[in-house]
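Thank you for letting me take a few minutes of the meeting today. I would like to walk through one structure slowly, stopping at a handful of places in turn.

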Amino acid sequence: MIEDATTTISVLQPKPTVLSIHYRRYALIMLFLVYMLNFVDRQIVNILAEPIKRELGLADWQLGSLTGLSFAIFYATLALPIARWAERANRVRIIALSAITWSFFTATCGVAQNFTQLFLARVGVGVGEAGCTPASQSLISDYTTREKRASALAFFSMGIPAGSLVGMVVGGLIADKLGWRASFALVGVPGIILGLLAYFTLPEPRDSSFAASEAQNAPTLKEALHELGKNRTYFWLTVAMVAMSFGIFSNLAFQSSFFLRNHANGLSDLAIRLNDLTGIQLGATGFLGTVLGLIIGIFGAAGTWLGGWSTDRALRSNLNAYATIPAAAALCLPFALFATYLTSDTVAALCLLSLPMLLQSIYYGPIFAAVQSLVRPRTRATATAIFLLFANLIGLGLGPLSVGLISDLLAPSLGSGDAIRWGLISTSLVYVLAAAAFMIARKSIKQDIVS
């Protein structure tokens, strides 16, 4: 995938600097690592939710706001102005500054003494991460041709499951030994180092004269919104992205809480068996974090690769693949999640979880590649930012909060275990809406692709 990547040359003059294949490969790997740490810092709070809840005395709706709303408010709203900046400025510097900022605030979470302080620290994480995705996807679209774009963006998107794996495993293991505060502090440091490395080594295809030309020719926000507003496929892909984000972030936010509340004895038994077989001693949180991390990481990465690879192959004969492949995966997701959450056997539940983790990752490459292809090159960062504005504000901001509210509502009658179970099951139905939106987008995608 990375070996065959070639740089897309803009029609504007002067032309951007052409990068060697080895430099492009390095750049894609670096962006993957940055995105991976993005999700380490974003998702680590999920495995730490239960110890945070106990120490700070939080309700489930507060946990939901920490994993979603606090992060999403500023992440979503700042992504657009930063993307407008990225259309004109050096994208590498934006990405590097973002990584340093979110890593600093992640470490700050470890010293929070109450809900308000932790909420504000998570807001800071969202502020930092707002600059990563639009600028990174714009860069990748300059590094690659349209024929390789789905694969390249799928490789970049593998940072999501990889980051979730590292966040779950490392967060859980550190929490077992040193507590949840140390987990936040220690995972923040690598992002600062990587941000500095990206600043000094990551290539920006635009040279200084090209950047000046881009700044003069970049569309105004009004022009960009007009271009996007008349694109029917872009609208329906945004609806699909919102629905997918709502379901995915709802489930990720409370998966560890679900298992710790409903399978505590089973997890303890498995941890004891692991100790008997290997001598490795893990508490319930450390064991669960390791297992969930491996499931999310391995099967999430497999789904992300599968989505990009299969889409690139299918695109040779049919552009509808951008929408058809993720639609099929979305339609299967509720059934896979129902089976996972309704089984009473701990081993079976963990094994069944691998299927939804694979299915929910298939759409990353196709949908991001489609968005990048639906607009002119000079509008790409803005298109991604607006796309993610709705996905994060509604999906990430309200998804986990909705599960928390449903759980708090049902807990008095069902107990905390069954309450979180039915909160997760009810929000999983949103994947049906995502599948429908993908299929509607399928009807117009051929005529709407422009780059």
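I will go through some buried residues, then a helix, then a surface patch, and finally the salt bridges.

Before anything else, please keep in mind that what you see is a predicted model, and that the values I quote are computed from it.

Let me begin with S250, which sits in helix α12, the helix that runs over residues 232-262. Is S250 buried or exposed? Its relative accessible area is 0%, so it counts as buried, given that the cut-off for buried is under 20%. The next thing to ask is which backbone oxygens lie close to polar atoms of the side chain of S250. One belongs to F246, and it is 2.5 Å from a polar atom of that side chain, while another belongs to G399, at 3.1 Å from a polar atom of the S250 side chain. If we set aside residues up to four places away in sequence, S250 touches S245, G399, P400, V403, L424 and T427, so G399 turns up again here as one of the residues that S250 touches.

Now please move to G289, which is placed in helix α14, residues 284-314. G289 also has a relative accessibility of 0% and therefore counts as buried. Leaving aside neighbours within four places in sequence, G289 is in contact with I47, M168 and V169. As for a residue elsewhere in the chain, G289 and I94 are 195 residues apart in sequence, and their C-alpha atoms are 32 Å apart in space.

One of those contacts of G289, namely M168, deserves a look from its own side. M168 is found in helix α8, which covers residues 159-178, and with a relative accessibility of 1% M168 counts as buried. Not counting residues up to four places away in sequence, M168 touches N46, I47, G289, T290, G293 and I296. You may notice that I47 is touched by M168 and is also in contact with G289. For M168 and C351, the separation is 183 residues in sequence and 17 Å in space, C-alpha to C-alpha.

Next, a helix taken as a whole, which is α6, residues 132-143. How far should the twelve residues of α6 span, at 1.5 Å a residue? The expected span is 16 Å, and because the end C-alpha atoms of α6 are 16 Å apart, the model agrees with that expectation. The helix α6 is also mostly covered, with twelve of its twelve residues buried, including C132, P134, D142 and Y143.

From the buried places we can turn to the surface, where I73, F74, F390, L393, I394 and L398 make a nonpolar patch of about 460 Å². Which helices each supply at least two residues of this patch? They are α3, residues 60-88, and α19, residues 380-414, and the largest share, four residues, comes from α19. As one example from the patch, F390 is in helix α19, and F390 is described as partly exposed because its relative accessible area is 39%.

Finally, the salt bridges. Side chains of opposite charge can pair when their charged atoms come close. How many salt bridges does the structure hold? There are five, and I will describe some of them. E50 forms a salt bridge with R261, where the closest N and O atoms are 3.2 Å apart. That pair links distant parts of the chain, since E50 is in helix α2, residues 49-56, and R261 is in helix α12, 211 residues apart. E50 is buried at a relative accessible area of 9%, and R261 counts as buried at 18%.

The side chains of D60 and K53 also meet in a salt bridge, at 3.3 Å from N to O. Here D60 counts as buried at 4% relative accessibility, whereas K53, at 22%, counts as partly exposed.

A further salt bridge joins D418 and R421, with the closest N and O atoms 3.0 Å apart. Both residues lie in helix α20, residues 416-427, three residues apart, which is about one turn of the helix. D418 is partly exposed at 31%, and R421 is buried at 13%. To close, salt bridges that share partners join E50, K53, D60 and R261 into one network.

Definitions and conventions. Residues numbered from 1 in each chain as written. Predicted model: local features only at pLDDT ≥ 70, side-chain atom pairs only at ≥ 80, totals over all residues. Heavy atoms only, no water. Buried < 20%, exposed > 50% of the residue type's maximum accessible area, 1.4 Å probe, protein only. Polar contact = N/O pair within 3.5 Å; in protein donor to acceptor, adjacent residues only side chain to side chain. Contact = heavy atoms within 4.5 Å. Patch = residues over 30% accessible without salt bridge, like charges linked within 9 Å, V, L, I, M, F, W, Y side chains within 5 Å. Areas by Shrake-Rupley, 256 points an atom, 1.4 Å probe, with all protein chains shown as cover. Salt bridge = Lys/Arg side-chain N within 4 Å of Asp/Glu carboxyl O. Expected span 1.5 Å × (residues − 1).
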